[in-house]
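Here are a few exercises to work through with the viewer open. Try each task before you read its solution.

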Amino acid sequence: MRKTLLAIALGQALLLAGCASADKQPQATVAAEAVQQNPLFSASQLQYQAPDFSQIRTEHFQPALEAGILAHDKEVQAIAIQSAPPTFENTIVALEKSGALLDRASSVFYNLSSSNSNPEIRRIQSEMAPKMAAHTDNINLNPQLFARINTLYQQRHQLTLTPEQVRLIEVYHQRFVLAGAQLDETQKAQIRALNEEQSKLTNEFQQRLLRLTKASAVIVDDVAQLDGLSDSTIRNAAKAAKDAGHDGQYLLNITNTTRQPVLAQLHNRELRQKIWQASANRGLSGEDETVSLVARLAQLRAEKAKLLGFDNWASYRLAPQMAKTPQAVFDMFGSMVPAVVANTQKEADAIQAMITQTGGDFTLQPWDWAYYAEKVRQQQYDLDENSLKPYFEFNRVLQDGVFYTLNQLYGVTFKPRPDLPVYHPDVKAWEVFDADGSSLAIFYGDYFAREGKRGGAWMSAFVRQSGLLGQKPVVVNVMNIQKAPDGEPTFVSYDQVTTMFHELGHGTHGMFSKVNYPSLSGTAVSRDFVEFPSTFEEDWAGHPKVLANYAKHYQTGEPLPADMLDKLLRSRSFNMGFDTLEYMSAALLDLEWHSLSADAPLQNVAQFEAQALAKHGVDLAAVPPRYRSSYFAHAFPGGYSASYYAYMWSEILAADAFAYVQTQGGLSRDIGMKFRKAIREVGNSVAPMEAYENFRGQQPTTEGLLKRRGLM
C-alpha cells in the first residue's frame, strides 16, 4: 500500500493548496521564541530536507500544524483575491508553491501517528482532525479561487502550455468540482458539516483500532499450548508478554487482517479458535466498538454524494478513477466469482479430506483453514513453509533480493546512511544513487512491529519530488515483521518477502518521479493505478535469477536447494482460491457499503455483511472476508473507501505488464528503464491508461491475472 499517508490523512488539502475565506481563517499566533525553538518552522538542513528527528519532539507538532494552516490560508488568500486576471503562473503555480510549513509539519506528523504513535500524538490527531477538515473545505469551497481555476480550465487549450501543465489544470478542476466548488452556499455549508463529522469519525475509528489491536492480543499461560510455533516465535511471545506486564506468560498479537499467521502452525485447535475469534470479533462490542462508526460513515458519505449529484458514494469516488463506475467493478468481480468460488470449494474439499485423514471428525471452520491447508501443501508439494525460513533471512532478502532487483532493472544502488537521524532505533536510512552515480533520493525502512504502530504495510513520503520546488524525494516503507530476539536472525515468510518487494515498488514510484509539479508527483495517481507499479514489483521475488541471489541459508550461505525452489514456485498457486475469495469478499463489502443511497437507514452491520456476501455468492462460511467492516481500515478510516477493488484492478495491469516484460528480455536494464520512464517517472502528469499504453503498446487483458492466480 499505497499513496502517501499525507494524501489520506489530509484529503486534498495539501495536494491542491488553496484558499480560505477571509472570515474563516483560524485564529492562531505563535510566539517568536517558540518558532525559533521548533525545527518544523523552517526547512530541514539535512540532505533533501529529510526530517531532523534528533530535534523534532511531540510538542512541536500542534503549534506547527496550526501555524501552517494559518500561513497557508494567508498565502492562498492573496492568490484568490488578486486583481490580475488568472494565469497559469499567478494561480496554479502559486498554489503549488504555497503551504510549505503545513506540508512539512503534516508529512512528519501523520507518518509518525501511524508508525510511532503515543497518547499525546493521538490527542493531537483528534484535536487537529476537524481543523484540517475545515482547512480543506476552505480551500475547495472558496468561490474566488475556483473562479480563477475554472477560467484557466476553460481556456487551457488556447493557452501556450505544456501537456503536463494542461494535465495539472484538469486535475485541479476535477478535484474542486468533486469537492463541491459548484454548489450554492447552503449546500456548501452542508458539505462542511458532513466533512467535519467524517473527519471526527475516521479519526475516532483509527484511535479505536489502535486500542483494539492491543486489547485483542491473546495471552497464553502454558507454553505447551504453543506447540507448533518456532522457538524464536515463542521467545518473542514471552518477551511481548513481559513487556506488557504479563511476565511468565506468552502474548500473541493480532495482525490487521481476519486471517492470523500463527494459525498455520498452532496444533492446539482451541487456541486457534480463540485467536481467530479475537481477530474476527474486533470492534463488534464494548467501549471501543466500531460498528456504530461504520454505519454512520456509510450514511454520511451517501449524503455527501447526493449533494454532489451522485447516486451514492461509490459513484462519486469512482468518477475520477480508471474504473469510472461501480458497475464496471461489480462486472469485473462478477465475471470471476464462479471460477474463484469453484476453485475455493475444491480447496475446501481437500482440506476437509485432510482433517478426516488426520483423525478429525469436525467440519472445517475458519480457524482450521490455514493449519490444514499447510498439511495439504506439504502433501501435494512436499513443502514445509517452516523449512524455507532459514533461507529467507530479513537482511539478505532486503539487500540481495529487493535492492538487487532494483539495481538490475533500474540501475539504482542503496548506500546506508547511519548519520541521518531516525524516529526509532529500528528504522534505517539509505541514500539512493542512480546508474550514473548521481544522488536520487533518501529512503527509510521501518520494517519491524512494535506498540504504537498500526497494522499492515505502506509507503509514504516525508518530501515529495518536484522540479518546480527543487525537491528530491524522501520516502519511507513501513511493515510489521516480528523482529527476532536480540542477537538472533529475523526470518520472514515468502508472503512477507513479496510484501517487501511490493512496498519498495511504491517507494520507487515516489523516488523515480520526474515531474515539475508536486500535485502530480510520484504516487499522486488514481487509486486503481497506484497499486500497479508495486504489484508489478512483487513478481520479481519469485524470478529464478532473483531467488538464486537472496534465498540462501543464513548460516552456510548455501542456495535454496533446487527441489525446494521448484516446489516453492509450483506451490505459489496453492490456496489461491482462498486468497482471492477473501480479498474479493472484502472488496465487495466495501462497494456495497458505499453503494447505499442517502435515504437508506442506519444499517445493522452484521446483517448487512451477511446480505452483501450472499448477494454476490461469496458467503462461504470457512472463508470470511479479509477484513470485516468493524476493522476495515482501508474502507472506513483510511483512504480506500469504495476503492479496495483497486488492488485487483491494478493487479490486472501488473500481471499483464509482467507477462509482457518476460517476452522482452525479463530481468534486464533495457526493459526496466522502459517501465521506469513510461510508468514510474511520469506520476500523474499522464493519464493512467495513456501511460500504460505508452509502455505496453495496448490495453491490458485479464489473461495474465488469471494465470498469476492459478485460475486458468
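**Exercise 1: A strand pair and its turn**

Task: Find how many bridges join strand E4 (residues 428-433) to E5, and in which sense the two strands run.

Solution: Six bridges join E4 to E5, and the two strands run antiparallel. Keep in mind that this is a predicted model. Next, pick out one pair: Glu431 stands opposite Ile442 in E5. Then follow the chain from one strand to the other: E4 and E5 form a hairpin, with five residues between them. Gly437 sits in that turn and has a positive phi of about 90 degrees.

**Exercise 2: Adding E7**

Task: Work out in which sense strand E7 (residues 474-481) pairs with E6, and in which sense E7 pairs with E5.

Solution: Start with E6 (residues 458-463), which pairs with E7 in the antiparallel sense over five bridges. Within this pairing, Ala461 has Val475 of E7 as its bridge partner. Now turn to E5: this strand and E7 pair in the parallel sense, over six bridges. Here Tyr444 is matched with Val476 in E7. Finally, check how covered the partners of E7 are. In E5 (residues 439-448), ten of the ten residues are buried, and in E6 six of six are buried.

**Exercise 3: Placing Thr498**

Task: Decide whether Thr498 is buried or exposed, and find which residues it touches beyond four places in sequence.

Solution: First locate the residue: Thr498 lies in helix H19 (residues 494-511). Its relative accessible area is 13%. Buried means under 20%, so Thr498 counts as buried. Next come the contacts: leaving aside residues up to four places away in sequence, Thr498 touches Glu538 and Ala541. Glu538 belongs to the buried residues of helix H20. That helix (residues 527-538) is mostly covered, with twelve of its twelve residues buried. Among them are Phe529, Phe532 and Phe536, along with charged residues such as Arg527 and Asp528.

**Exercise 4: The whole chain**

Task: Compare the radius of gyration of the protein with the value for a compact globule.

Solution: For 712 residues, a compact globule would have a radius of gyration near 27 Å. The protein has 25 Å, which agrees. Two further values fill in the picture: buried residues make up 59% of the 712, and residues 24 or more positions apart account for 77% of the contacts with a separation of 6 or more. As for secondary structure, the protein has 28 helices and seven strands.

Terms used: Residues are numbered from 1 along each chain as its sequence is written. This is a predicted model: local features need pLDDT of at least 70, side-chain atom pairs count only at pLDDT 80 or more; totals for chains, interfaces and linings use all residues. Side-chain values use heavy atoms; hydrogens and water are left out. Helices (H or I, at least four residues) and strands (E, at least two) are DSSP runs, numbered from the N terminus. The radius of gyration is taken over C-alpha atoms; the globule rule is 2.2 Å times the number of residues to the power 0.38. Buried means under 20% relative accessible area, exposed over 50%, partly exposed in between (1.4 Å probe, protein chains only). Contact means heavy atoms within 4.5 Å. Two strands pair if DSSP finds at least two bridges between them.
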